[in-house]
Amino acid sequence: MSPATDNTREHVHDLTSDTATIPTDEMFDIMKTATRGDDVFSADQDVKDLEAYMANLLGKEAALFCASGTMTNQLGLRLHLTQPPHSVLCDARAHVFIHECGGIAYHSQANVTPVSPKNGLYLTAEDVEANISKDTLAGSPTRVISLENTLNGTILPFEEIKRIRAVADKHGLPLHLDGARLWNASQATGVPMSEYGKLFDTVSVCLSKGAGAPIGSIIASTKERIVRARHLRKLMGGGWRQAGFLAKIARHCIETAVPTMPETHKLASRLAEGLQSLGLRLVLPCQTNMLFIDTAPVGLTVEDFAVELRKKQIKIASMGGSTISRIVLHYQVTPQVVDDFLVIAAQVVQSR
């Protein structure tokens, strides 16, 4: 699938997020063939087919198709949080903590215990064990552990997840996964999605990031929990009617875009290595489709690069005088875009 054609302006290669993929004409043609039932009443076949497919893929009994990863994360956590006072233990950088509008407090009346990993990369069983709260006098006891994989493009090792699962079981706590980019982790490690899924009680997976669908996310768990999640989705205003066309194209994207992830990861590595060779620093290791760069070592700001990249229709995240930027590749980023990026970056560094 190639980017959709827009004759009114040049195509912009947007590297700010993997949600920036553009629906193609082919995708709109496929959407026209979708079933047109009412998903509020579980009456759309394409939605039901997608949910069954994703449940099986993740090793779960059932799944629910929702509008966003924020919704599926909040539903997943709410299923485990039934009576305050209670809290969620998660990585201090976690999406559920930082980028979901305080949803844990709003939807579940829960506190958050944000934990900074001692190794600087990912939470370990020791990090989790040391921060579980059992304080029933003046605290908010931990009721669920939430992990994220990938997080900032880095992979939470499968063996470490198993160790954290053992800690959760020891304390009788459920484990939720924000797997917005779980496909990236699976493609990079070779660990099947189902093997990841089996270690968690609830799993959220985004369809509009690496899979490149226009919209949507999945929450997967037991049949009983998904019945409850459907009820809570309605409470949140998330019941959608004729959603079959979104489910139809999501399935198509899973089957066509996900297999291209290894090539996207290679391009991200090539871009990371090229920028490092110019003197830029990687803030985190580039393990999948994402890199965080620091331009300070070459005495430049991100905006110095962004201005020149825009002339080649390449867009990166740039804020004021910042020297840090997140760059995210996806299936619509071609090798030529990476080549152009590196040529322009070299020119900017040489002209400083």
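Leaving aside its neighbours within four places in sequence, with which residues is Met 193 in contact? In the predicted model examined here, the contacts of Met 193 are made with Leu 57, Leu 58, Leu 182, Trp 183, Ser 186 and Val 205, when neighbours within four places in sequence are set aside. Met 193 belongs to helix α9, which spans residues 193-197. Its relative accessibility is 5%, and Met 193 therefore counts as buried, the limit being under 20%. Between the C-alpha atoms of Met 193 and Asp 46 the distance is 21 Å, with 147 residues separating the two in sequence.

Val 205, one of the contacts of Met 193, is part of strand β7 (residues 202-206). Val 205 has a relative accessibility of 0% and is classed as buried. When neighbours within four places in sequence are excluded, Val 205 is in contact with Met 54, Leu 58, Gly 179, Ala 180, Leu 182, Trp 183, Met 193, Ser 217 and Ile 218. Leu 58, Leu 182 and Trp 183 thus appear among the contacts of Met 193 and also among those of Val 205. A separation of 21 Å was computed between the C-alpha atoms of Val 205 and Leu 121, which are 84 residues apart along the chain.

The overall architecture was considered next. The chain comprises 14 helices and 12 strands. For its 352 residues, a compact globule would be expected to show a radius of gyration near 20 Å; the value for the chain is 21 Å, in agreement with that expectation. Along the principal axes, the C-alpha atoms occupy a box of roughly 60 × 50 × 35 Å. Buried residues make up 55% of the 352 in the chain. Of the contacts between residues at least 6 apart in sequence, 72% connect residues at least 24 apart. The exposed area of the chain is about 15200 Å², of which 53% is supplied by carbon and sulfur atoms. The charged side chains number 35 positive and 37 negative, and the centres of these two sets are 4 Å apart.

Strand β2, formed by residues 62-66, is mostly covered, with five of its five residues buried. In a regular strand, side chains alternate between the two faces of the sheet. In β2 both faces are covered: Ala 62, Leu 64 and Cys 66 are buried on one side, and Ala 63 and Phe 65 are buried on the other. The strand pairs with β8 (residues 217-221) in the antiparallel sense, over five bridges. Within this pairing, Leu 64 is placed opposite Ile 219 of β8. Two residues listed among the contacts of Val 205 are Ser 217 and Ile 218.

A further pairing pattern involves an open sheet of three strands, arranged in the order β9-β10-β12 with antiparallel pairing. Strands β9 (281-282) and β12 (324-328) each have a single partner strand and stand at the edges, so one side of each is left without a neighbour in the sheet. Strand β9 is joined to β10 (residues 290-294) by two bridges, and the two strands run antiparallel. Arg 281 is positioned opposite Asp 294 in β10.

Several backbone features occur in loops. Most peptide bonds are trans, and most residues other than glycine have a negative phi. Against this background, the peptide bond from Pro 84 to Pro 85 is cis, with omega near 0°. Pro 85 is located in the loop between α3 (69-80) and β3 (87-91). Another cis peptide bond connects Asn 149 and Thr 150, with an omega of about 0°. Thr 150 is situated in the loop between β5 (142-148) and α7 (158-171).

The loop between β5 and α7 also holds Asn 152, a residue with a positive phi of about 55° although it is not a glycine. The relative accessible area of Asn 152 is 23%, and the residue is therefore partly exposed. A positive phi, near 55°, is likewise found at Cys 101, again a residue other than glycine. Cys 101 lies in the loop between α4 (95-98) and α5 (103-108). With a relative accessibility of 80%, Cys 101 counts as exposed, because the threshold for that class is over 50%.

Definitions and conventions: Residues numbered from 1 in each chain as written. Predicted model: local features only at pLDDT ≥ 70, side-chain atom pairs only at ≥ 80, totals over all residues. Heavy atoms only, no water. Helix = DSSP H or I, 4+ residues; strand = E, 2+ residues; numbered from the N terminus. Rg over C-alpha atoms; globule rule 2.2 N^0.38 Å. Buried < 20%, exposed > 50% of the residue type's maximum accessible area, 1.4 Å probe, protein only. Contact = heavy atoms within 4.5 Å. Areas by Shrake-Rupley, 256 points an atom, 1.4 Å probe, with all protein chains shown as cover. Lys, Arg positive; Asp, Glu negative; His and termini not counted. Charge placed at Lys NZ, Arg CZ, Asp CG, Glu CD. Pairing = 2+ DSSP bridges.
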